[in-house]
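Could you take a look at this one with me? I have jotted down a few points to read alongside the coordinates.

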Amino acid sequence: MQPLLRVENLVKHYVAGRSAGSRDKLVALDGVSLSIAPQSTLALIGESGSGKSTLALCIACLEHPTSGSIWFEGIDVAALHENQQRKFRPQIQLVFQDPARSLNPRWTALEIASEPFIVRQDTSKQERENKALELLDCVAIPRRLAIQRADELSGGQKQRLAIARALALEPKLVILDEALSALDCSVQAQISNLLLELQSSFGLTYLFITHDFAMAAHLADQIAVMDRGRIVESGPAENILRSPSHEATRSLLAATLPFTATPSIRLEL
Amino acid sequence: MRYLLRRSLHAVFLLLGVSLLTFLFSALAPGNYFDEMRLNPQISPETVAALRAQYQLDRPLPVRYAHWLNAVAHGQMGFSFAYNSPVAPLLWARARNTLLLTVTATLLAWLLALPLGVWSAARFGRAPDRVVSWTTATLLVIPDLVLALGLLIIAVRTGWFPTGGLTSVGFDELSPLNKLRDLAWHMTLPVIALILAALPTLVRHVRASVAEVLEAPFLRAALGHGLPHSKLLYGYALRAAANPLISLFGFSVGTLLSGSLLVEVVMSWPGLGPFLLEAILARDLYVVVGGVLLSMIFLVAGNLFADVLLYWADPRIRTAASAK
């Protein structure tokens with residue numbers, strides 16, 4: 001099947017140090033290639049600082065890669081002009097790690113959920129609010145919370161709201177950038193089940209970024225492991241979990257030992 | 001509403017405290033206006049004593065303070081020894097000139113600082129931002145006095161601008177339009193000096209506040225919805241960064257009377273600055289106390305104004321205030 005997203009040899013350098021003299025480069029992405037089939041989930045796993053979030057921002061057209069291409073439905077979005085990118089951006093939406101910072105603390109839940117429609121400018125206020133209320137229903141936020149401000153909601157509710165906002169413009173790809181990491185276990189389970197439901201009812205494709213193998217195993221069809229700006233291992237989720245071949249994969253697996261460890265790994269420790 | 005009421009009450013008590021302290025310190029400072037007369041052999045000690053009695057300088061301090069407070073409550077501010085007239089009209093005439101200068105300069109400074117700060121924050125760490133950073137840092141370390149003197153030297157050398165004063169000789173015979181032009185011409189240099197003194201601080205604050213919120217994921221999310229970059233900067237980011245800037249604006253308003261003293265003295269602008277300096281040197285007690293009180297009223301009112309603005313601008317403050 002034709003992949004929805006195909007990233008080819010993506011490179012991103014940052015200029016480190018702000019003083020005028022230094023020209024040190026920070027290599028965040030060092031030739032990353034991956035692809036995601038429509039309506040599937042790819043889990044991107046790696047330690048913090050391995051370049052996962054940079055990759056997410058590049059794919060969502062919020063950072064310009066230094067080189068390489070990002071093919072989305074046959075278009076190289078990395079090569080688009082700023083104006084074209086702006087029109088393209090709604091197709092790929094992000095859900096961020098920290099729900100407290102990803103929602104405007106001055107706005108009510110309803111305002112946040114209807115904000116994406118304001119950007120489009122083609123709907124009346126009434127229509128926008130109706131659509132926003134439907135979105136809140138989709139993510140199971142009670143309607144009585146619609147008038148609450150974001151900073152008055154619980155962590156799980158905030159993350160549901162962030163998901164609702166991401167779904168507003170009917171994106172094809174949703175990037176979940178450590179979207180479950182800041183939540184406690186029971187809420188994590190609720191939200192991950194919600195994500196699975198939404199995926200089957202809306203036909204969504206997920207890029208699920210995490211450092212937690214247990215969650216990846218629960219949600220993903222494919223797993224790619226990232227280490228220092230490179231994909232070091234990728235393949236079907238079960239294969240990677242059963243026989244990890246790269247050192248980075250094994251150390252990440254060891255970190256989630258209680259859920260996924262196999263006897264052989266336990267012996268190595 | 002109760003929040004604003006409480007704030008206003010605070011302000012009144014603050015002003016009372018300040019007036020008491022100013023009065024105390026000015027009155028307790030050694031010497032008074034009539035000391036110089038006493039050294040003059042042509043004036044008899046009896047005359048000096050009579051004058052002291054007339055101006056009630058022989059009464060105990062609490063009585064004088066009470067008298068003065070009563071006068072303030074009735075819109076007067078005591079009597080000037082040097083001008084032999086009530087203080088309030090004297091102060092008002094000077095304050096008007098000062099406000100003409102500072103209101104213009106403050107408005108222009110903010111109008112320049114907002115776009116410049118946002119523009120710089122949007123390019124944080126890149127070459128244009130570094131140029132802005134260096135320029136503002138350089139301006140920041142130049143003392144206001146040097147700035148004003150430098151501008152004065154330019155005025156003297158080129159003759160493009162007057163070197164002081166409010167209006168030209170023969171101002172009264174000019175047509176209204178030419179009067180305005182003459183006034184603007186005289187205001188140019190002091191206004192530039194005030195803007196150059198205020199701008200670096202404002203730009204740096206705007207830049208820092210906006211740069212900080214630009215990192216916030218909710219702005220990234222808005223950009224991800226397809227929001228144009230300019231709208232993101234001026235609509236979303238500037239509003240999200242507004243709280244510290246509103247407080248700073250309140251402070252700007254608060255220093256409208258007191259912030260330009262130095263520039264006024266250097267550029268001989270007939271405002272509150274030279275007037276107060278003269279009064280301090282002459283120990284013209286009520287003028288000094290009145291001038292300080294007036295500046296304090298502005299400072300307190302500016303902060304109150306900022307509180308009102310914050311209350312209006314941030315729903316979180318509204319809820320927190322009504323919850324109490």
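Here are my notes on the cavities, one helix and the cysteines.

1. Before anything else, bear in mind that this is a predicted model. Everything below is computed from that model.

2. How many cavities of 30 Å³ or more does a search of the whole structure find? The count comes to four. I only go through the largest, at about 80 Å³, and the second largest, at about 60 Å³.

3. The largest cavity draws its lining from both chains. Chain A supplies Ala60(A), Leu62(A), Ile92(A), Gln93(A), Leu94(A), Phe96(A), Arg165(A) and Ala166(A), while Arg220(B), Ala221(B), Gly224(B) and His225(B) come in from chain B. In terms of elements, two or more lining residues each come from β6 (92–95) and α6 (155–167) of chain A and from α9 (217–224) of chain B. Sorted by class, that lining has seven nonpolar, three polar and two charged residues.

4. The second largest cavity also has walls from A and B. On the A side you'll find Asn104(A), Trp107(A), Ile112(A), Glu115(A) and Arg165(A); on the B side, Phe218(B), Ala221(B), Ala222(B) and Tyr236(B). Here the elements with two or more lining residues are α4 (109–120) of chain A and α9 of chain B, and α9(B) gives the most, with three. The class split is six nonpolar, one polar and two charged.

5. It's worth having Arg165(A) and Ala221(B) on screen while you compare the two. Both are in the lining of the largest cavity, and both turn up again in the lining of the second largest.

6. On to helix α11 of chain B, residues 242–254. Its 13 residues reach 18 Å from the first C-alpha to the last, close to the 18 Å expected at 1.5 Å a residue. Buried positions in α11(B) include Ala242(B) and Asn243(B) at the start, then Leu245(B), Ile246(B) and Leu248(B), and further along Gly250(B), Ser252(B), Val253(B) and Gly254(B).

7. Why are there zero disulfides over all chains? Take Cys58(A): its closest cysteine sulfur is in Cys61(A), 9.1 Å away, so the pair is too far apart for a bond. For reference, the cut-off is a sulfur pair within 2.5 Å. Seen from the other end, Cys61(A) is in no disulfide either, with the sulfur of Cys58(A) as its nearest at 9.1 Å. As for exposure, Cys58(A) is buried at a relative accessible area of 2%, and Cys61(A) is buried with a value of 2%.

Note on methods: Residues are numbered from 1 along each chain as its sequence is written. Chains are lettered from A and ligands numbered from 1 in the order in which they are written. This is a predicted model: local features need pLDDT of at least 70, side-chain atom pairs count only at pLDDT 80 or more; totals for chains, interfaces and linings use all residues. Side-chain values use heavy atoms; hydrogens and water are left out. On a 1 Å grid over the protein atoms alone, a cavity is a set of points where a 1.4 Å probe fits but cannot get out, and a pocket is an open set with protein on both sides within 12 Å along at least five of seven lines; lining residues have an atom within 4 Å of a point. Grid points are joined across faces, edges and corners, and a volume is the space filled by probe spheres set on the points. Helices (H or I, at least four residues) and strands (E, at least two) are DSSP runs, numbered from the N terminus. Ala, Val, Leu, Ile, Met, Phe, Trp, Tyr, Cys and Pro count as nonpolar, Asp, Glu, Lys and Arg as charged, and the others, Gly among them, as polar. The expected span of a helix is 1.5 Å times one less than its number of residues. Buried means under 20% relative accessible area, exposed over 50%, partly exposed in between (1.4 Å probe, protein chains only).
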